[in-house]
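Subject: Handing over the structure

Dear colleague,

I am passing on the structure we spoke about, so that you can keep it open while you read the notes that go with it. Please look through it at your own pace before going further.

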Amino acid sequence: MRRRFNEEVLSSLDMTAILIFLNRTCFNGLYRENAKGYFNVPFGRYANPTICNEEIIYADSELLNRYDEQILNSDFKETAKAIDKKELNFFYFDPPYRPLSETSSFNSYVKEDFNDDSQRDLADFCRHLNILENVKWMLSNSDCSVKNPADTFKIEYKIAC
């Protein structure tokens, strides 16, 4: 499935189905790419994983359609193009987390690095969103000061946002 996902030209439906399968069977549900842009998360250790909960997928689909919601998967800067000035907008950003230590460098989930400069760019973008009346946002990230009290990046980042 990983080979098909990475190498074959697939319909969006097949691509989605295989991504759900890979996500449900890979290690901790991660999504990560190698330098070639290929999905490369190793298999998880699941005896009998639930690949698809049909009832939840249909319920989610019904809600998204009822409220005409969009899910974007793009560079955070691209989300600004989706802002509807007449409606309330909500954005959830889930960037690659800052590494908690030298050995946990999970800031490269895709072939392009998401380094501290990228984190600062995202903070600047969120600061811009703060001045828009019809936009709310939420961001997840790691807190490196838990492992290293001298790492004040989160504090700087929080102040920036």
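What follows is a description of what was found, beginning with the chain as a whole and then turning to single residues.

Please keep in mind throughout that this is a predicted model. The chain contains five helices and two strands, and when it is read along the sequence these elements come in the order α-α-α-β-α-β-α. Of its 161 residues, 25% count as buried. The accessible surface of the chain comes to about 12,000 Å², and 53% of that surface belongs to carbon and sulfur atoms. If you take the contacts in the chain between residues with a separation of 6 or more, 56% of them are accounted for by residues 24 or more positions apart.

A good residue to begin with is Thr-79, which is found in the loop between helix H3 (54–66) and strand E1 (89–93). Is Thr-79 buried or exposed? Its relative accessible area is 7%, and Thr-79 therefore counts as buried, since the cut-off for that word is under 20%. Once its neighbours within four places in sequence are left aside, Thr-79 is in contact with Leu-72, Ser-74, Phe-91, Phe-93 and Phe-125.

Another loop residue worth finding is Glu-33, which sits between helix H2 (12–25) and H3. Glu-33 has a relative accessibility of 16%, so this residue counts as buried as well. The side chain of Glu-33 makes a polar contact with the side chain of Tyr-31, at 2.8 Å. Glu-33 and Asn-6 are 27 residues apart along the chain, while their C-alpha atoms are separated by 9.8 Å.

Next come the cysteines, among them Cys-26 and Cys-126. Cys-26 is buried, with a relative accessible area of 2%, and Cys-126 is buried too, at 0% relative accessibility. How many disulfides does a search of the whole structure find? The search finds zero.

The last topic is the salt bridges, of which the count comes to six. In one of them, Arg-120 pairs with Asp-117, and the closest N and O atoms of the two are 3.4 Å apart. Both residues lie in helix H4 (residues 116–130), where they are three residues apart, about one turn of the helix. Arg-120 is partly exposed, with a relative accessible area of 38%. Elsewhere, salt bridges that share partners join Arg-3, Arg-4 and Glu-8 into one network. Within that network, the side chains of Glu-8 and Arg-3 meet at 3.2 Å, N to O. Glu-8 is partly exposed at a relative accessible area of 31%, and Arg-3 is partly exposed at 47%.

A further salt bridge is formed by Arg-66 with Glu-62, with the closest N and O atoms 2.7 Å apart. These two residues both lie in helix H3, four residues apart, which is again about one turn of the helix. Arg-66 has a relative accessibility of 48% and Glu-62 one of 39%, so that both count as partly exposed, the range between 20% and 50%.

With best wishes,
A colleague

How values were computed: Residues are numbered from 1 along each chain as its sequence is written. This is a predicted model: local features need pLDDT of at least 70, side-chain atom pairs count only at pLDDT 80 or more; totals for chains, interfaces and linings use all residues. Side-chain values use heavy atoms; hydrogens and water are left out. Buried means under 20% relative accessible area, exposed over 50%, partly exposed in between (1.4 Å probe, protein chains only). Contact means heavy atoms within 4.5 Å. Accessible areas come from the Shrake-Rupley method with a 1.4 Å probe; for residues, only the protein chains shown count as cover. A disulfide is a pair of cysteine sulfur atoms within 2.5 Å. A polar contact is a pair of N or O atoms within 3.5 Å; within protein, one must be able to donate a hydrogen and the other to accept it, and residues adjacent in sequence count only if both atoms are side-chain atoms. A salt bridge is a side-chain nitrogen of Lys or Arg within 4 Å of a carboxyl oxygen of Asp or Glu.
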